[in-house]
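This report concerns one molecular structure, shown below with its sequence.

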2 protein chains.
Amino acid sequence: MRAAVLHAPGDVRVEDVAEPAITAPTDAVIRLAATCVCGSDLWPYRGVEPVAGPTQMGHEYVGVVDEVGSAVASVEPGQFVVGSFVASDGTCEICRSGYPSSCVDRVFMAQVGTQSERARIPHADGTLVATPGTPDPDLIPSLLAASDVLGTGWFGAVAADAGPGRTAAVVGDGAVGLMAVLAARQLGAERIIAMSRHEPRQRLAREFGATDIVTERGDDGVAKVKELTGGLGAHSVIEAVGTQESMRQAIGSARPGGHVGFVGVNHDVALSGEELFFSQVHLHGGPAPVRRFLPGLIDLIWRREIDPGKVFDRTLPLDQAAEAYQAMDERRAVKTLLTV
Amino acid sequence: MRAAVLHAPGDVRVEDVAEPAITAPTDAVIRLAATCVCGSDLWPYRGVEPVAGPTQMGHEYVGVVDEVGSAVASVEPGQFVVGSFVASDGTCEICRSGYPSSCVDRVFMAQVGTQSERARIPHADGTLVATPGTPDPDLIPSLLAASDVLGTGWFGAVAADAGPGRTAAVVGDGAVGLMAVLAARQLGAERIIAMSRHEPRQRLAREFGATDIVTERGDDGVAKVKELTGGLGAHSVIEAVGTQESMRQAIGSARPGGHVGFVGVNHDVALSGEELFFSQVHLHGGPAPVRRFLPGLIDLIWRREIDPGKVFDRTLPLDQAAEAYQAMDERRAVKTLLTV
């Protein structure tokens, strides 16, 4: 089958690889309808994370079940499914407490690769959710978004305690940040400040529910958020970048007693304990427990109450994955969908 | 009047200072019944925090109101009062949201000094709580504890979400750590692991409700807590030290999705964003909003349901403040009460 393989920083090739197969009774194999390129795929693509030889890429996926292992009970061949970017058993104490992304048996799908024609999904029962039927084609981008960026932005907004009567600020205007805007809106936040300096992304943020745009960054961005919130800071801040500057900007933008949900995968970040102590914020984040939110998100999409698929501003066939990576790396695209 | 004054690291003297006076209509002046030495007083005493000339010390206090400013409505001369180590207006949005220790008009009482015969209390209405009557003398240590260490340990346990069905671990066996054990017990935690290597403190921890003692520290301490919790870590961890090692130990001891309440004033702590991200804990702390808890704590003490005063293992007259500091610095005392 065809799959996107990263050979070295900047070098993505679509080539023939071995077909996936059931290796454990809890596995499923799916035929992908669509996959996509994630901001976190850019870390190895840019050489920030090491690349240890040719690696199949991708961790977002929707498609049709082809085959299931003998222990799989909740999905069957022919069903259209959405799954999380982390496979989880669904039965351990951590899964049951709502944190499947920290499941004791978790498998990061990035270690399997889903930018391919078919993919093996470990822990199928704990990972996949079947849609109510075969989706209309125009719903596929939104369902694909649920697999990671929507679920991640949603977790950020939940971790930031976004809700009625509250002001939420979102640091980062990538796909996850934009999805966090949508989530804050759905959760009922009264005012949503998107921090973005890119006009097309500002427009998308407004479409998803942003009420204010702040273009300043760092300390200037913090000052602007405080100015907009009576000097106090936002109740809820979602951090969707993962750098030292964005983490400090997020913590600084929250009021004492406020909540910061951080979902940007942190790279080379050192937080000052003193600053965190006196900020008096709640800080919570990590790899999003997307599976917790999937049934609800699929329902919202199925009923066409949200349209997160708009976050994809480019669509290419899988064979052009190299261009998909390059477009995102050069910020010519927010997020690129790959049809399979 | 007499007051404890820090002249240089290690040099505390009790000497005559100016009498306090009402300087704002919202002030009160109280005559102290008792005060004490806090772990955080040891930072400047040890020279870890700079000492800028002679400084009146102390921020914990109980006593009788002597005089009030014209705008004070909730307390009156003759009443016995307990107040927080942070004076707060009680009316700003941050106070009303439950975070008086981050009040927009806050005054840290450490900047005023309460190891003295009398003390000025700013924002008397927002800061002081009158007891139901004149307390029996044996209740005074417990009421004094409520002013800081009990309220701080309580906040740590609340921030750590300690409660029924949960395992709580407490990092730090100083007065705040011991009070956190008591708080976790009151909040209903099923199992309480005190991390302590000092036999007398272990004994006190058990009296306050600890069910398990872990003597290991650092990575070994984390491993031991995991061993006691099915490999997962505690649901709730209270950090009551404030060092790099104790913060890492606390975060490492919590399970994914668990809560870390950190109330040790952080000094030279840098937290790895990556570790925090993948730990998936909730982190919340800072200067405890003691005033939020005071009415409830006074009630528990008044009804003799808790006896936090046991945390004081030494009592000296104010004039012997120098010895009180030395005993705590040398860990000969957990916490020293000063009678006035």
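The following paragraphs treat the overall build of chain A, two annotated domains, one helix and one histidine.

The model is predicted: local features need pLDDT of at least 70, side-chain atom pairs count only at pLDDT 80 or more, and totals for chains, interfaces and linings use all residues. Residues are numbered from 1 along each chain as its sequence is written, chains are lettered from A and ligands numbered from 1 in the order in which they are written, and side-chain values use heavy atoms, with hydrogens and water left out.

**Chain A as a whole**

Chain A contains twelve helices and 19 strands, taken as DSSP runs numbered from the N terminus (helices H or I, at least four residues; strands E, at least two). Its radius of gyration is 19 Å, close to the 20 Å expected from the globule rule for 340 residues, so chain A is as compact as a globular protein of that length. That radius is taken over C-alpha atoms, and the rule is 2.2 Å times the number of residues to the power 0.38. Along the principal axes, the C-alpha atoms fill a box of roughly 60 × 40 × 40 Å.

Of the 340 residues in chain A, 59% are buried (under 20% relative accessible area, with exposed over 50% and partly exposed in between; 1.4 Å probe, protein chains only). Among contacts (heavy atoms within 4.5 Å) with a separation of 6 or more in chain A, 68% join residues 24 or more positions apart.

**Annotated domains**

UniProt, in an unreviewed entry, lists two spans of chain A as given in the table; such annotations may be inferred rather than shown by experiment.

| UniProt domain | Residues of chain A | Helix | Strand | Distance between end C-alpha atoms |
|---|---|---|---|---|
| Alcohol dehydrogenase-like N-terminal | 25–125 | 10% | 30% | 11 Å |
| Alcohol dehydrogenase-like C-terminal | 175–285 | 45% | 27% | 17 Å |

**Helix 5 of chain A**

Helix 5 (residues 149–159) of chain A is largely enclosed by the rest of the structure, because ten of its eleven residues are buried. The buried residues include A:Val149, A:Leu150, A:Trp154 and A:Phe155. Their cover includes helix 4 (140–146), helix 6 (175–186), strand 14 (234–239) and helix 11 (290–302) of chain A. Just after helix 5, A:Asp161 adopts a positive phi of about 60 degrees.

**B:His282**

In chain B, B:His282 belongs to strand 17 (residues 282–285). This histidine, B:His282, counts as buried at 19% relative accessibility. Neighbours within four places in sequence aside, the contacts of B:His282 include A:Tyr99, A:Leu283 and A:His284 in chain A, as well as B:Gly257 and B:His259 in chain B.
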